[in-house]
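Hello,

Here is the structure I promised to pass on to you. Please have a look at it first, and then read my notes below.

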Amino acid sequence: MDLRKIKKLIELVQESGIAELEVRDGDESIRVARAVPGAVSVAAAPAVVAQTVADGAAPETESVGGQVVRAPISGTFYRSPAPGEAPFVREGDAVAPGDVLCIIESMKMMNRIEAELTGTVAEILLENGRAMESGTPLFRIA
């Protein structure tokens, strides 16, 4: 595929508000995905699958206190902007909506995952550099 076509697809995804687009042309294919706001999920209790909070719905708190932030896309989880640099957040750090929590590398693109709520990072649930899937718990915010 031509680089101009790929850039146009990226622009289309950004402008349209869709989360993901996959295009196949013969034996070539490309998938463009972006982080989706509202990707905060809540776990009802430890070892129980969490329910996703719908856009606009008030998030619930879990019994151990806090809310679980889940990965909106599949990729590789990174706690810092580059190797050897300080992590975006550490356990005990205060966060507010818009604060960067981590980066998820997906399809050679670095996607910044931002806090959707105000609170304190109670727990970091994934190791740095770990491959994970969409919906994987990343942080618990109290």
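**Confidence and overall layout**

The protein chain has a mean pLDDT of 78, with 77% of its residues at 70 or more. Please keep in mind that this is a predicted model. Confidence in the protein chain is highest in β7, at 96, and lowest in strand β4 (residues 51–52), where the mean is 32. Over residues 38–63 pLDDT stays under 50, and the model has 41 contacts beyond four places in sequence for that stretch. Where pLDDT is low, the predicted coordinates should not be read in detail.

As for the layout, the protein chain holds one helix and 12 strands. Along the sequence the pattern reads α-β-β-β-β-β-β-β-β-β-β-β-β. Of the 142 residues in the protein chain, 33% are buried. Among contacts in the protein chain with a separation of 6 or more, 51% are between residues 24 or more positions apart.

**The helix**

Does the length of α1 agree with its residue count, or disagree? Helix α1 covers residues 3–16, and its 14 residues should span 20 Å at 1.5 Å a residue. The end C-alpha atoms are 20 Å apart, so the two values agree. Gly 17 follows α1 and has a positive phi, near 85°.

**Strand β12 and its neighbours**

I spent most of my time on strand β12 (residues 137–141). Four of its five residues are buried, so the strand is largely enclosed by the rest of the structure. β12 pairs with strand β5 (residues 67–70) in the antiparallel sense, over four bridges. In that pairing, Gln 67 has Ile 141 of β12 as its bridge partner. Strand β10 (residues 119–124) also pairs with β12 in the antiparallel sense, here over three bridges. Ile 124 stands opposite Phe 139 of β12.

**An aromatic pair and two cores**

How many aromatic pairs does a search of the whole structure find? The search gives one. The pair is formed by Phe 77 and Phe 139, with 5.9 Å from centre to centre and 55° between the planes, so it counts as tilted, since planes under 30 degrees apart would be stacked and those over 60 edge-to-face. The pair links distant parts of the chain, as Phe 77 sits in strand β6 (residues 75–78) and Phe 139 in strand β12, 62 residues apart. Both Phe 77 and Phe 139 are buried.

These two residues turn up again in the largest nonpolar core, which has 20 residues; Phe 77, Leu 138 and Phe 139 have the most contacts inside it. β8, β10 and β12 each supply at least two residues of this core. Another core lies apart from it, with five residues that include Leu 9, Leu 21, Ile 30 and Val 32. Going back to Leu 138, its contacts beyond four places in sequence include Val 69, Phe 77, Cys 102, Ile 104 and Ile 124.

**A glycine in a loop**

One last spot to look at is Gly 98, in the loop between β7 (94–95) and β8 (100–106). Is Gly 98 buried, partly exposed or exposed? Its relative accessible area is 36%, so Gly 98 is partly exposed. Leaving out residues up to four places away in sequence, Gly 98 touches Glu 114 and Ala 115. The C-alpha atoms of Gly 98 and Leu 117 are separated by 8.3 Å, although the two are 19 residues apart along the chain.

Best wishes

Conventions:
Residues are numbered from 1 along each chain as its sequence is written. This is a predicted model: local features need pLDDT of at least 70, side-chain atom pairs count only at pLDDT 80 or more; totals for chains, interfaces and linings use all residues. Side-chain values use heavy atoms; hydrogens and water are left out. Buried means under 20% relative accessible area, exposed over 50%, partly exposed in between (1.4 Å probe, protein chains only). Contact means heavy atoms within 4.5 Å. The expected span of a helix is 1.5 Å times one less than its number of residues. pLDDT is the predictor's confidence in each residue, from 0 to 100. Two strands pair if DSSP finds at least two bridges between them. Rings of Phe, Tyr and Trp (its six-membered ring) pair if their centres lie within 6.5 Å; planes under 30 degrees apart count as stacked, over 60 as edge-to-face and the rest as tilted. A nonpolar core is a set of buried Ala, Val, Leu, Ile, Met, Phe, Trp, Tyr and Cys residues joined through side-chain atoms within 4.5 Å.
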